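Me: I have a chain to look over and some questions about how it is built. Please keep the replies short.

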Amino acid sequence: MTRLQKSTIYALLIFFAAIYSLPLLVMLSGSLKSPTEIQAAPNRLLPESWHWENYLTAIQSMPFWQYLTNTLTLCVGTVAGTVISCSMAAYAFAKLKWWGRDKLFAVLIGTMLLPWHVTMIPRFLLLRELGLYNTLGALILPTFLGDAFSIFLLRQFFRTIPEDISEAARIDGLSEWGIFWRVIMPMSVPALVTVGLFQFVAAWNDFSGPLLFLSNKDRFPLAYGLEQFVSSYADQTHLLLAAATLFTLPIVVLFFFAQKTFLKGIATTGLKD
């Protein structure tokens, strides 16, 4: 590839990255403006004066730390449930031989065609009968039952690990659980981080789940709390943008630090049919 071709590719990447970053920059800029400046010059990217107190006002205008604690509890619980359940199911589909394995896997993939709204009412009725309504457990417990997409992603990664490694571990006396936990899992960190990151973002942004299962404000996560904040401060754009920035920033930071492992997990998944 010539230098001109590389320069053209980099220029195009920078151009499209700038386009996709523009809404985030506008949100960040608006969160630092005064109400008067937002009304007078909404299209100006850099504020005339930087009003960092907008963030403090936004935090003090809602139970932000309670929402954040609930959100982190929800994210950590669902990530743990997804990684544990999906990794075990993916290992069974990828490395173990048993009757009907491929047919059952096809059925599992078929469930990805079902939207969440189809199972919404049965799931609500079941979790209510279990006494989990109005608890974070109603949102965390289902993740311990597996997720079709995450199982598929991990299965494809596990299949890229040579079978000779598992056979050598069996010769050394390891059980299937030992092979899974001490051999396969350490070698699958990129894929596990990818699945965990997907689930973390999904739990962080989840609005439908808390809307359906939660009614106590003390248990609201940030996504649902932000909607309540928007309803109360609809006429104060600077506070809305400050709250939206506080909600978005942790995901951006998380992806920034995990991007290398995340991209490695995506790039090495599905290389083997």
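Reply: First, a word on terms: UniProt annotations may be inferred rather than shown by experiment, and their positions are given in the numbering used here. The model itself is predicted.

Me: Which residues does the UniProt annotation "transmembrane region" cover?
Reply: The entry behind this annotation is unreviewed. It lists several spans in the chain, and they are 64–92, 104–126, 138–158, 179–204 and 239–258.

Me: How far apart are the end C-alpha atoms of residues 239–258?
Reply: UniProt's unreviewed entry marks 239–258 as a transmembrane region. In the model this span is 100% helix and 0% strand. Its end C-alpha atoms are separated by 29 Å.

Me: And what is the helix content over residues 179–204?
Reply: This span is also annotated as a transmembrane region in the unreviewed entry. Strand makes up 0% of it, and its end C-alpha atoms are 33 Å apart. Helix accounts for 96%.

Me: How far apart are the end C-alpha atoms over residues 68–258?
Reply: The unreviewed UniProt entry labels 68–258 "domain: ABC transmembrane type-1". Over these residues the chain is 73% helix and 0% strand. The end C-alpha atoms lie apart by 21 Å.

Me: How many helices does the chain have?
Reply: Strands number zero. From the N terminus on, every element in the run is α. The helix count is 14.

Me: What distance separates the centres of domain 1 and domain 2?
Reply: Domain 1 spans 1–50 and domain 2 spans 62–270. Taken over C-alpha atoms, their centres are separated by 31 Å.

Me: How much area do domain 1 and domain 2 bury between them?
Reply: Eight residues of domain 1 contact seven residues of domain 2. Of the buried area, 80% is on carbon and sulfur atoms. The total is about 640 Å².

Me: Which residues in domain 1 lose the most area to domain 2?
Reply: Three residues together make up 59% of what the domain 1 side buries. They are Met27, Ser31 and Ile38.

Me: How many salt bridges are there between domain 1 and domain 2?
Reply: Residue pairs in polar contact, both at pLDDT 80 or more, number zero between these domains. For salt bridges the count is zero.

Me: Which helix supplies the largest share of the side of domain 1 that touches domain 2?
Reply: Helix H1 (3–31) and helix H2 (35–40) each supply at least two residues of that side. By class, the side has five nonpolar, two polar and one charged residues. The largest share, five residues, comes from H1.

Note on methods:
Residues numbered from 1 in each chain as written. Predicted model: local features only at pLDDT ≥ 70, side-chain atom pairs only at ≥ 80, totals over all residues. Heavy atoms only, no water. Domains from an automatic or database assignment. Contact = heavy atoms within 4.5 Å. Buried area = accessible area lost by both parts, 1.4 Å probe. Salt bridge = Lys/Arg side-chain N within 4 Å of Asp/Glu carboxyl O. Polar contact = N/O pair within 3.5 Å; in protein donor to acceptor, adjacent residues only side chain to side chain. Helix = DSSP H or I, 4+ residues; strand = E, 2+ residues; numbered from the N terminus. Nonpolar A, V, L, I, M, F, W, Y, C, P; charged D, E, K, R; others polar.
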